[in-house]
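Please open the model in your viewer and keep the sequence panel beside it. The tour below goes from one selection to the next and says what is to be found at each stop.

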Amino acid sequence: MKAIVITTGGGPEVLQLQQVEDPELKDDEVLIKVEATALNRADTLQRKGSYPPPKGASPYPGLECSGTIQAVGKNVLGWIVGDQVCALLSGGGYAEKVAVPAGQVLPIPLGVSLKEAAGLPEVACTVWSTVFMMSRLSAGETFLVHGGSSGIGTFAIQIAKSKGATVFVTAEDFVAHVKEETGGKGVDVILDCIGAAYLQRNLDSLNFDGRLCIIGLQGGAVTKIKLNTLFPKRLTVQGAALRPRNPENKAMVVNEVEKNVWPEIVAGKVKPIIYKSFPLSEAVEAHKLMESNEHIGKILLVP
């Protein structure tokens, strides 16, 4: 099969389309003929050499895909050859075929094309596991998301609204804006991809019993904060990553996403926001676009 290989750590130009061996199918996996894969910020970090794949994962980038099942392992129940699916991956999406544990596979939601569905698994699982499962955002609460034009951001805005939350997206002076819009209270939950640069301002923006979930470090990993910000408002600060989780944990998240998020998609309340599609052979251009931050929503690669 053909796959995008990271030839060495570096800029987008290190990505090359090469002929490689087909993936080996384990007993608990399905083999997917890839219709499309979607870019994630983690792909650019892996390309630079700062975010290696977990042990045993494919060396090729790509954390989600859609496609058609070509083969099933002998222990797999519930999926058959020919099923059209999308899947959460530990790697390997930038290829014509990928093997994935059956517990990380989802049906294509009604009303979404097979190609568009490639942009759903990573964002849906990230947002649901952090904002709802960990931070317990509920109807009537307030929610702030940074990076609102990203794939994560566009999805988080939609699902939070569909579940009855009031949503804010980063503005220039977001602390003052949040306080003004919430009558001085602050928001209940923040989803943050920036890290150090925003940490104190995030804490200052939270309501009593507020929850901050950090999922990225685009603004650095080290900072100082005023710990006395935490005590009077009983604040919770937590971090999460999806890729390092074990298959059992990922399967649990995927199951929750199918139960809680897929009905919102079928009802038309949430949809994948696709900015642009590139052929797999143009992965270099796709990465350049992602790193320009000029896109809104997801960028797809199509084998």
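Which residues are linked with Lys 48 in a network of salt bridges? Select Arg 47, Lys 48 and Glu 291, which are linked in such a network, where a salt bridge is a side-chain nitrogen of Lys or Arg within 4 Å of a carboxyl oxygen of Asp or Glu.

Before the next selection, note that this is a predicted model, in which local features need pLDDT of at least 70 and side-chain atom pairs count only at pLDDT 80 or more, whereas totals for chains, interfaces and linings use all residues. Residues are numbered from 1 along each chain as its sequence is written, and side-chain values use heavy atoms, with hydrogens and water left out.

**Salt bridges**

A search of the whole structure finds eleven salt bridges. Select Lys 298 and Glu 64, whose side chains meet in a salt bridge at 2.7 Å, N to O. Lys 298 belongs to strand E14 (residues 298–302) and Glu 64 to strand E4 (residues 64–72), so this pair ties together parts that are 234 residues apart in sequence; helices (H or I, at least four residues) and strands (E, at least two) are DSSP runs, numbered from the N terminus. Both Lys 298 and Glu 64 are buried, a term that stands for under 20% relative accessible area, with exposed for over 50% and partly exposed for values in between (1.4 Å probe, protein chains only).

Move next to Asp 209 and Arg 234, where the side chains meet in a salt bridge at 2.8 Å, N to O. Asp 209 lies in strand E11 (residues 206–214) and Arg 234 in the loop between helix H6 (230–233) and strand E12 (236–239), so the pair ties together parts that are 25 residues apart in sequence. Asp 209 is partly exposed, at 38% relative accessibility, and Arg 234 is partly exposed as well, at 48%.

**Strand E11 and its partners**

Now select the whole of E11, which is largely enclosed by the rest of the structure because seven of its nine residues are buried. E10 and E11 pair in the parallel sense over five bridges, pairing being counted if DSSP finds at least two bridges between two strands, and Val 187 stands opposite Leu 206 in E11. E11 and E12 also pair in the parallel sense, over four bridges, with Arg 211 opposite Thr 236 in E12. Add H5 to the selection: E10, H5 and E11 make a right-handed β-α-β unit, meaning that, with the strands pointing away from the viewer, the path from the first strand over the helix to the second runs clockwise.

**Helix H4**

Which residues of helix H4 (residues 174–181) are buried? They are Phe 174, Val 175 and Val 178, and they lie on the same side of H4 because they cover an arc of only 100° around the axis, taken from the directions from the helix axis to the C-beta atoms. Their cover includes strand E8 (142–145), strand E10 (187–192) and helix H5 (199–204), contact being heavy atoms within 4.5 Å. Just after H4, select Gly 183, which takes a positive phi of about 65°.

**Two cysteines**

Finally, select Cys 65 and Cys 86, in a structure that holds zero disulfides, a disulfide being a pair of cysteine sulfur atoms within 2.5 Å. The sulfur of Cys 65 is 8.0 Å from its closest cysteine sulfur, that of Cys 86, which is too far for a bond. Cys 65 is buried at 0% relative accessibility, and Cys 86 is buried with a relative accessible area of 0%.
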